[in-house]
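Colleague: I should like to go through this structure with you, one question at a time. May we begin with its interior and then turn to its surface?

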Amino acid sequence: MTFYIGVVGYFLIQEQESLFKIVLFMPVITMALKYGVRTAYFFALVSCVPLFTSSYAHQFITLDIDIVLAGVIFLLAWLLGNLAENEFAYRNELERLATHDGLTDIFNHRSFQSILKQEIKKASKKDSCLTLMMLDIDYFKQYNDAYGHQEGDKVLCDLAQIFQETIGERGFCARYGGEEFAVILPGINLAQGKAVGEELNQKIQNHVFYGAEILPQGRLTISIGVAAYPLHALNREKLIKKADEALYRAKFISKNRVESYYSDFDQISLFLKDEEKELFNSISAFTMIINAKDDYTYGHSLRVMDLAKRLALRLELEGLLIQQITSGALLHDIGKMEIPREILNKQGKLTKKEWELFRLHPGWGADIIAPLKSLNILADIICYHHENFDGTGYPEGIKGEVSMVI
């Protein structure tokens with residue numbers, strides 16, 4: 001601004017009127033292109049002050065020309081300012097399209113990954129924490145099948161709005177993909193993050209969604225998995241994996257719940273000797289193989305584990321025995337990794353040969369666990385989990401009461 005006034009003053013002093021009037025356009029053009037119409041109008045007004053001052057000094061000899069020139073300056077400010085603002089608007093819209101989900105208008109998957117990476121980096125520098133929540137709509141396919149994708153899209157938009165309003169300035173909401181969402185909560189620990197998850201879950205349950213009465217619980221619900229940095233993971237990829245595992249656990253145990261990351265395998269490994277832990281790590285990896293081949297089996301194992309633990313607690317069993325029963329329930333179908341995928345996922349009745357092969361999985365599971373001497377009781381649970389009291393079970397057809405040394 002000072003430079004501009006100096007240049008104008010110099011040409012006025014030198015009485016170089018033509019150059020002086022050309023200089024009047026420079027700040028108007030610059031500011032119009034950089035800041036838009038309003039700023040351009042201000043500088044057009046500023047430029048008119050020396051213009052009419054000069055006209056006054058020359059006894060208004062060129063007043064008519066100066067009025068036209070002032071009009072041209074303001075017209076130029078309007079034209080270039082509007083062009084610049086339109087360009088700003090288009091640019092902002094393009095940036096928004098690149099960073100936000102087109103349907104729900106919250107951050108998209110790409111932005112989620114970028115924000116999470118940045119926030120973990122900030123948390124690391126500040127020695128702070130961060131909570132990540134993965135959220136999934138329960139029975140959403142059933143809702144879509146009943147009402148169509150347009151109604152399903154409305155549900156997604158309503159959910160996104162509820163997430164945004166609830167989270168507010170506390171964090172970032174994103175659509176991770178399909179009916180799955182993610183929430184990043186910088187500076188919030190696991191307990192606080194789980195409380196936020198419970199708050200979200202309650203608001204969704206209380207919200208009235210069109211046609212939700214057809215769903216199993218008579219209302220639309222969500223499952224939430226929660227994991228925290230640095231408690232559960234030290235980088236983005238592992239943190240997402242942990243939160244996803246917690247979500248998977250929430251969905252396959254009962255749905256409509258908030259589940260923080262918890263590793264049952266870490267608890268089982270507490271019973272192991274150091275020389276057994278490497279082998280057990282391989283065994284725990286087998287469960288992921290089963291999950292890849294047949295996701296029903298893994299979800300079924302989680303539900304059986306949950307029910308077995310509840311029953312053991314109800315019977316007020318001793319703590320170590322409760323843990324052993326829980327661990328055995330989680331691993332009871334590990335022998336299924338030996339069964340071909342086409343048999344595990346077969347639609348319809350198994351053939352006699354396929355059924356005979358399938359009946360071998362309890363023994364195979366026990367054999368896998370057998371080298372871990374610290375987990376002997378687990379091998380028995382795995383081996384005999386399909387036996388029936390009336391002797392119709394397998395693999396050995398045991399009948400009646402059987403005492404086990406625990």
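Modeller: A nonpolar core is a set of buried residues of the kinds Ala, Val, Leu, Ile, Met, Phe, Trp, Tyr and Cys, joined through side-chain atoms within 4.5 Å. Please bear in mind that this is a predicted model.

Colleague: Which element gives the largest share of the largest nonpolar core?

Modeller: The largest nonpolar core has 31 residues. Among the elements that give two or more residues to this core are strand 1 (130-137), helix 8 (149-167) and strand 4 (222-229). The largest share, seven residues, comes from helix 8.

Colleague: Which residues does L159 touch, leaving aside those up to four places away in sequence?

Modeller: L159 is one of the core residues that touch the most other members. With residues up to four places away in sequence not counted, its contacts are I137, F181, I204, F209 and L220.

Colleague: How far apart are the end C-alpha atoms of helix 5?

Modeller: Helix 5 covers residues 63-99, which is 37 residues. At 1.5 Å a residue, helix 5 should therefore span 54 Å. The model agrees with this, for the end C-alpha atoms are apart by 53 Å.

Colleague: Is L79 buried, partly exposed or exposed?

Modeller: L79 is found in helix 5, and it helps to make a nonpolar surface patch of about 500 Å² together with Y41, L75, W78 and L83. Buried means under 20% relative accessible area, and exposed means over 50%. Because its relative accessibility is 42%, L79 counts as partly exposed.

How values were computed
Residues are numbered from 1 along each chain as its sequence is written. This is a predicted model: local features need pLDDT of at least 70, side-chain atom pairs count only at pLDDT 80 or more; totals for chains, interfaces and linings use all residues. Side-chain values use heavy atoms; hydrogens and water are left out. Buried means under 20% relative accessible area, exposed over 50%, partly exposed in between (1.4 Å probe, protein chains only). Helices (H or I, at least four residues) and strands (E, at least two) are DSSP runs, numbered from the N terminus. Contact means heavy atoms within 4.5 Å. The expected span of a helix is 1.5 Å times one less than its number of residues. Patches are made of residues with over 30% relative accessible area and no salt bridge: like charges are joined within 9 Å, nonpolar side chains (Val, Leu, Ile, Met, Phe, Trp, Tyr) within 5 Å. Accessible areas come from the Shrake-Rupley method with a 1.4 Å probe; for residues, only the protein chains shown count as cover. A salt bridge is a side-chain nitrogen of Lys or Arg within 4 Å of a carboxyl oxygen of Asp or Glu.
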